[in-house]
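I opened the model today to look up one strand with its neighbours, and after that the cysteines. These are my notes, in the order in which I went through them.

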Amino acid sequence: MKRSRVLAVLVGGVFIVAVMSLNRMLELMQGAGLKQRGETPAGQDLSHLQQKIDRLEHLLSDNNRLVATLRDSLLQRKAPWETGARANVSSDSAHGQTDRLPGCRLHANDANLSVVYVVVVYQLLDVYDLLPFDNPDGGAWKQGFEIRYQGNEWDEQPLELFLVPHSHNDPGWLKTFDSYYQDQTKHILNNMLIKLSEDSRRKMIWAEISFFSKWWNDIDDQKREIVKRLLRAGQLELVTGGWVMADEANSHYFALLDQLIEGHQWIQRHLGVKPSSGWAVDPFGHSPSMTYLLKGAGLRDMVIQRVHYAVKKHFAKQQTLEFLWRQSWGSDITCHMMPFYSYDVPHTCGPNPAICCQFDFHRLPGGRVSCPWRIPPQPITEQNVQERALLLLDQYRQKSRLFHSPVLLVSLGDDFRFVESSEWDAQFSNYQKLFDYFDQHPELHVKARFGTLSDYFKALRRRLTAAGTTLPTLRGDFFTYSDRDDHYWSGYFTSRPFYKRLDRTLEATLRATEILFSLTTAEMRRYRGDGHLVADFPAHQHFQRLTTGRRSLALFQHHDGVTGTARDPVVVDYGTRLFHSILNLRQVLQSSAHWLLLLDKSQYHYDQSKPFLKMDDVISAQDALPQKTLLTLSDEPRSLIIFNPTEQLRTSVISIVVDSPDARVVDAQTGQPMTAQISAVWEDRVLYFHLQLDFVAQLPPLSLVVYHVTKASVGSANRARYTFHRRGNPPTIQTEHFQVSRPEGPDTDAPLSLSNKHVQIWSSSETGLLQKLRLQSGLVRQVQVQFLWYGTTRNRDKSGAYLFLPGEEGLYSSSEPPLVRVSRGPVFSDITSCFRHFTHRVRLYHLEGHAGKSLEISNMVDIRSEVNRELAMRIVSNVASGNRFYSDLNSFQMQQRRTLAKLPLQAHFYPMTSASFLQDETSRVSLLSAQSQAVASLRPGELEVILDRRLQQDDNLGLGQGITDNKLTASLYQLLLEDRRDEKAQDLRGRTSVQHLSLLAHLTSLSLCHPPITMVATSDSQLPKLRPFLPLQSSLPCDVHLLNLRTLEDTQEAGSPSQEVALLLHRKGFDCSSAPEPPLQCSWSAHEEVDTLIYLLYVFLYY
């Protein structure tokens, strides 16, 4: 295990990232598997295994001692104002329920284990309560106020200014990634080498490693040495180090972390440096989840820009634009918030953009860019240097008054700046003349120079330490962003939902492939005994496919990628990358599963043209939904291989399309028949052409399980029964193979009802839409599903890719009544409502355990016929939630939201990556999502999500087009109603409480986001003997998630897999006020050796 930095902090949701030998990991996991199969390794292998176990025990013992030492040191520092709040449970669960969950009981009884410091902390929610959001005209600084100073403020502590040159390069927006690189980025970086080398005083920062790595591949060794020299000299600084400057609203934390690892690994391998400062000037709002990942990656500081203008104004007045940004459980990072409208030159030197623009020397007369305030820059000469320097210094001084420290950060750059050599010369030479003038006049009390972020934050810390002051502490997030007036950027939370869904498909596929590939290579090395892989296994090619998949996912996390805010051809380019990566990763999955399943490993042979396994569905194009392939049945068994990519034992329903209404499924190892049903695959509302076989599978964690499917005797299979409802003319329905009926008499108007052992639902007989839920416990809640349209405002500014500026709102209505289809069977029952613009389905699974406790909701949406409309799904309940609800941030933590009358409707929509919920003292309604989108609670008891948007016009934010490339789009959810028997959602100090999903919701979300993967073996009757692959003896604790098992690149052979793997674990915070009955079939991390995971042991790779 390699490590050089161990950070230990108290947290509520935490990671462990460790680098370990694949053999060490897999041999430990598979010890039980060998025993189960009755295999006995040779004595030498046992001795070798025992040595590795001893070594791992020693490492764990060292880790426990380290954690104990840290804990003791924290306890010794405990102050009178500290409390005993638990780190990994919701703070509102201090009473009443501590005897329900072992994990909760442990934390409640041992409060000293999780000490939380209580300091003066600003809550952004409280700031929103205070702000009037009245937006008066601030004069030159339109969204601010007049800044005054006396002139003697810097007499004792001179103003220390760092001008930080940068060029913001979008990896796709108006052009594709490759086009931007060829047209602009490569010229920027080529000129950087020349111009920085000309003068050691010149400096620059760079953020996007996707571009930097592509350029690195194009330059020769001599230029590479210049890059390294500039880095060593501090003239060039790589900031953040991510593959892209990621969106922080729609991105899942898996993808955020993965693109960060990809960038940092590349930097470490090729340049041998590590970033220390973050730079996020263009994401449309900011999430504390990202700051947590940056802090864990070794960054100490960060800069952000796109924050609501009213919040910026408030922070500027309070001189709190620099603060310690804290998670709800601790973990701070120093954050600098830019105070003005934008990160371009007119909005960075000071409050008056008309003056600052005069110091953007790229806009000198005669160029292609000019100042919109019609006062052009002037070249700095001996004749005007005094006047120019004093004019600029006045802006610097005004800006400095917004901060506590006399150290000032000013950026110099914009999108794709410094393309031409002439711009480098104009900017650097003219500013150097101004800096020289400042140096020649000490009475001005200013020291100005070019700098990097590290230069700035080092000086800031020095000044703060000398003054004996600390920065204030802030908690919360910076959503939803508004740059002016009522222009809230809540539209992009949903824009291009088809690709947001495709993003999560690739994410799930990549994670599953990473895990299975890592297990396969480890098992191969163990099997051979010499540390080498099987000769016929294409490890190098597969690792290249993995790397491409990682980078395709990473590229799409760019803040104009997953956001849906790029031009149409760029979206197609992104989609094509995602699509091809999914196909390539499937090859790795199939090949890896092939080897693991073979009883006789010598029979393995890789043939890309004739794969041994195929997926059970086909994706035909980047803009097409997956389609199940038809499986032809006979008396000869067809082998199905199911991979469970989660760390939990799960009961899942597996669906395949077959050609026979009679089919039988058995466990290939035991011969046990599986519960199954045959249903129709309705191609039209009343016609079907294929049949679907669904069966219940018990899937051990991370397992590959084999099932056999055969044709069965006529009439032996359980078949779904259908009932059709529609007001007016009844449709003609295909009835072959199935029992089909229509309601008659009193049943015509009776509510539709479905139930399983855990929940009962009632729906409208007219629309099929949900109306009410009842739990087995007796809890009943009104939970109505509605659909509605939003139009766009009639004002000049209208909704577009970024903005949501709604006009009229109205419940969805159709000229003809919907067709409602009710299906009942032993595996699942559902109600499907067929409307013109969408097909909506609610489904109950007849399963034991947690899998049957939630209600699956799916929508198939098509609004391509509409003009300037947005379709929303609203859930209306009688949960007394008041003006508060909770939505997740990057699927990593939950954030309380408040509905405020002083804000417009569009301000109340927030990003939902995977979860939101409403609650009162006795119940909670959670909506868990398989894709990211906008969510709001506009009235008590309501949740609504935007499903799709079709907007004809640009919203004047630079894209230059509307969003009219809509597709047939699927969305998937789980709706969960839970009992709560707890105190009000306030902690002991009366402040905003920390809320988490329940353990049941965590597990439900895990199953939703990481479904089983089904593969089909070839129909050859000479199929080799297969056996299941069972790497884990038991599930991980319920609250511990295996985020990834990431094979690392070989340090000696580029592009090849090493024998080391990054094991990423995440211990999730959970709410203790609800525990399902019967209890979940997994343990909680309540024992001492696991409880140490509440400390962050973040061993970042190769540091």
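Entry 1, strand β28. I looked up the burial of β28, which spans residues 759-763, and found this strand mostly covered, with 5 of its 5 residues buried. I keep in mind that the model is predicted. I then asked which way the side chains point: Val-759, Ile-761 and Ser-763 point one way from β28, while Gln-760 and Trp-762 point the other way, and all are buried. I note alongside this that, in a regular strand, side chains alternate between the two faces of the sheet.

Entry 2, the pairing with β27. I turned next to β27, residues 752-755, which runs antiparallel to β28 and is joined to β28 by 4 bridges. Looking for a specific contact, I found that Ser-753 has Trp-762 of β28 as its bridge partner, and Trp-762 is among the buried residues of that strand. The connection between β27 and β28 is a hairpin, with 3 residues between the two strands.

Entry 3, the pairing with β29. I followed the chain on to β29, residues 770-775, and found that β28 and β29 pair in the antiparallel sense over 5 bridges. Here Ser-763 stands opposite Leu-770 of β29. These two strands form a hairpin as well, with 6 residues between them, and in the turn I noted Gly-768, whose phi is positive at about 80°.

Entry 4, the disulfides. How many disulfides does the model hold? I count 2 disulfides, taking sulfur atoms within 2.5 Å as the rule. One of them joins Cys-349 to Cys-356, with an S to S distance of 2.0 Å. The torsion about the S-S bond of Cys-349 and Cys-356 is about -90°, and therefore I record this disulfide as left-handed. Both Cys-349 and Cys-356 are buried.

Cys-357 and Cys-371 also form a disulfide, with their sulfur atoms 2.0 Å apart. Cys-357 and Cys-371 both lie in the loop between α11 (353-356) and α12 (385-400), 14 residues apart. The link of Cys-357 and Cys-371 has -105° about the S-S bond and is left-handed, and both of these cysteines are buried.

Entry 5, two further cysteines. Why do I enter Cys-335 as buried? Its relative accessibility is 0%, so Cys-335 counts as buried, the cut-off being under 20%. I treated Cys-834 in the same manner: Cys-834 counts as buried because its relative accessibility is 4%.

Note on methods: Residues numbered from 1 in each chain as written. Predicted model: local features only at pLDDT ≥ 70, side-chain atom pairs only at ≥ 80, totals over all residues. Heavy atoms only, no water. Buried < 20%, exposed > 50% of the residue type's maximum accessible area, 1.4 Å probe, protein only. Pairing = 2+ DSSP bridges.
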